[in-house]
Amino acid sequence: MDIKSMKNYLYWLYCQFELITCSYLMEPWEKLLFYTFNITMLVMVLYTAYIFVPVHISTAFQFFLHLFGNQHENTVSIVK
């Protein structure tokens, strides 16, 4: 795939985005506020997913291990 077709494809995607969100009707300052708000929300969702999803997956994995009987040994019982 050459650069020109990639550039055209990205421009086409941008036009589709503007049509779907109706942002082509906005004035430049409205677009700036709209895009700033959307990018801020996207960054916050990605950050939250990065921080909390691994913790939830780990907790669920430990729960299912405990449920199926693969329990970790207690450190006190190992010392005995």
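At 11% relative accessibility, Glu 18 counts as buried, because the limit for that class is under 20% relative accessible area. This residue belongs to a predicted model, and the report starts from Glu 18 before turning to the helices around it.

**Glu 18 and its partner**

Glu 18 is located in helix H1. Leaving aside residues up to four places away in sequence, Glu 18 is in contact with Ser 23, Tyr 24, Lys 31 and Tyr 35. One of these neighbours, Lys 31, joins its side chain to that of Glu 18 in a salt bridge, with 2.9 Å from N to O. Since Lys 31 lies in helix H2 and Glu 18 in helix H1, the pair ties together parts that are 13 residues apart in sequence. Both Lys 31 and Glu 18 are buried. How many salt bridges does the structure hold? The count is 1 salt bridge.

**The overall fold**

The secondary structure consists of 3 helices and 0 strands. Along the sequence, the pattern reads α-α-α. The protein has 80 residues, and 5% of them count as buried. About 7,600 Å² of the protein is exposed, and carbon and sulfur atoms supply 73% of this area.

**Helices H1 and H2**

The table sets out the lengths of two helices.

| Helix | Residues | Distance between end C-alpha atoms | Expected span at 1.5 Å a residue |
|---|---|---|---|
| H1 | 19 residues | 27 Å | 27 Å |
| H2 | 40 residues | 56 Å | 58 Å |

For H1, the reach from the first C-alpha to the last is close to the expected value. For H2, the distance between the end C-alpha atoms agrees with the expected span. Where in H2 does a kink lie? The kink, of about 30 degrees, is at Phe 52, shortly before the proline Pro 54.

**Residues that follow the helices**

H1 is followed by Cys 22, which is placed in the loop between H1 and helix H2 (28-67). The phi of Cys 22 is near 60 degrees, a positive value in a residue other than glycine. Is Cys 22 buried or partly exposed? Its relative accessibility is 39%, so Cys 22 counts as partly exposed. Gly 69, just after H2, also has a positive phi, of about 95 degrees.

**A nonpolar patch on the surface**

Which residues form a nonpolar patch on the surface? They are Met 6, Tyr 9, Leu 10, Trp 12 and Leu 13, and together they have about 490 Å² of accessible area. One of them, Leu 10, is found in helix H1, which covers residues 3-21. A general property of helices is useful when reading such a list. An α-helix has 3.6 residues a turn, so residues three or four places apart point the same way.

Helix H1 thus provides Leu 10 of the surface patch, and Glu 18 of the salt bridge also lies in this helix.

Definitions and conventions
Residues numbered from 1 in each chain as written. Predicted model: local features only at pLDDT ≥ 70, side-chain atom pairs only at ≥ 80, totals over all residues. Heavy atoms only, no water. Patch = residues over 30% accessible without salt bridge, like charges linked within 9 Å, V, L, I, M, F, W, Y side chains within 5 Å. Areas by Shrake-Rupley, 256 points an atom, 1.4 Å probe, with all protein chains shown as cover. Salt bridge = Lys/Arg side-chain N within 4 Å of Asp/Glu carboxyl O. Helix = DSSP H or I, 4+ residues; strand = E, 2+ residues; numbered from the N terminus. Buried < 20%, exposed > 50% of the residue type's maximum accessible area, 1.4 Å probe, protein only. Expected span 1.5 Å × (residues − 1). Bend = angle between axes of the 7 residues up to and from the residue. Contact = heavy atoms within 4.5 Å.
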